[in-house]
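Please describe the fold of this chain for a structural biologist, with attention to its surface, its helices and the way its interior is put together.

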Amino acid sequence: MNTQQLVERLQRIASGGGGWVLWLMLLLSVVSVGIMLERLAFFASRRENIDALTDKLVSLLDSRDLDGAKSLLGKSKSVEAAVMLPCIDWTPKGAEAFREVVDAELTKQKRGLERGTTFLGTLGNNAPFIGLVGTVLGVIQAFQQLGNKDQDAMGNVMVGIAEALIATGVGLFVAIPAVVAFNIVNRSISTVEANVGIMSKYVVAQLSSREHEAAPASGKSVRDVSKA
């Protein structure tokens, strides 16, 4: 295939206009709205007073009531509680072990929290360019009509260009809500991470305090045995 044949084929493709781009944008917008609603509903349904939950958790762990702590977290609908619940069984193993498990559980939960964000981010970044493709194809089609000898050719060109610009507008209309939703979801994920970090630091501080209290007592017992 030489260059001329390639150009002719591309011209035939472009002469079809950008109508298909509008249908594609409509499909993408429907998927995007579905993901937005699902993500917003997900985070809204798991909203809870994390400060109050943290205070209750620390109080139960301070009294070494592991069953009560697990019951408290199990009844909570928050994502933070879902992260902390499997970690409670690791508290007897020390602060460092608990911290590592919290990091692992948070990473596991993030895979679910970030569901759909890749699509929203990609759509937000690229929808305007998809719309621009439709505009370019529409303009090409309009100027092809200009080659006709019809007296109304110029009017048809103006109408064609106006219709082609709609594709760019639709691209922006699809992209802006996707970007907003993407930022909202990322902000919600960051809030969950911050809350988990606060909860885990309280627990780690408590466990570290116990370890420091146990260390002198252990040292004293060794000295007593040596004297005996």
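The chain exposes about 13,800 Å², of which carbon and sulfur atoms supply 61%; accessible areas come from the Shrake-Rupley method with a 1.4 Å probe, and for residues only the protein chains shown count as cover. This is a predicted model, in which local features need pLDDT of at least 70 and side-chain atom pairs count only at pLDDT 80 or more, whereas totals for chains, interfaces and linings use all residues. Residues are numbered from 1 along each chain as its sequence is written, and side-chain values use heavy atoms, with hydrogens and water left out.

Of the 228 residues of the chain, 32% count as buried, where buried means under 20% relative accessible area, exposed over 50%, and partly exposed in between (1.4 Å probe, protein chains only). The chain has eight helices and zero strands, with helices (H or I, at least four residues) and strands (E, at least two) taken as DSSP runs numbered from the N terminus. Among contacts with a separation of 6 or more, 77% join residues 24 or more positions apart, a contact being heavy atoms within 4.5 Å.

Three of the helices can be set side by side, the expected span being 1.5 Å times one less than the number of residues.

| Helix | Residues | Number of residues | Span between end C-alpha atoms | Expected span |
|---|---|---|---|---|
| α2 | 19-45 | 27 residues | 40 Å | 39 Å |
| α3 | 50-62 | 13 residues | 18 Å | 18 Å |
| α6 | 95-113 | 19 residues | 26 Å | 27 Å |

In α2, the buried residues include Val-21, Met-25, Leu-28, Ile-35 and Met-36, together with the polar Ser-29, Ser-32 and Arg-39.

In α3, Ile-50, Leu-53, Thr-54, Leu-57 and Leu-61 are buried. Seen down the axis of α3, these buried residues fall within an arc of 100 degrees, so they line one face of the helix; the arc is that of the directions from the helix axis to the C-beta atoms. On the other side of α3, Asp-51, Asp-55, Lys-56 and Asp-62 are exposed. At the start of this helix, a side-chain oxygen of Asn-49 reaches to within 3.3 Å of the backbone nitrogen of Asp-51. Beyond α3 comes Arg-64, whose phi is positive, near 60 degrees. Arg-64 lies in the loop between α3 and α4, and at 57% relative accessibility it counts as exposed. Most residues other than glycine have a negative phi.

In α6, the buried residues are Ala-95, Phe-98, Val-101, Val-102, Glu-105, Leu-106 and Leu-113. They fall within an arc of 140 degrees when α6 is seen down its axis, so they line one face of the helix, while the face turned away from this buried side carries the exposed residues Thr-107 and Arg-111.

The largest nonpolar core has 29 residues, and those with the most contacts inside it are Leu-57, Leu-73, Met-84 and Phe-98; such a core is a set of buried Ala, Val, Leu, Ile, Met, Phe, Trp, Tyr and Cys residues joined through side-chain atoms within 4.5 Å. At least two residues of this core come from each of α2, α3, α4 (66-75), α5 (79-84), α6 and α8 (153-227), and the largest share, eight residues, comes from α8. Leaving aside neighbours within four places in sequence, Leu-57 is in contact with Ala-69, Leu-72, Leu-73, Met-84, Ile-88, Met-199 and Val-203. Apart from the largest core lies another, of 12 residues, among them Ile-35, Met-36, Leu-120 and Ala-127.

Note on methods: A polar contact is a pair of N or O atoms within 3.5 Å; within protein, one must be able to donate a hydrogen and the other to accept it, and residues adjacent in sequence count only if both atoms are side-chain atoms.
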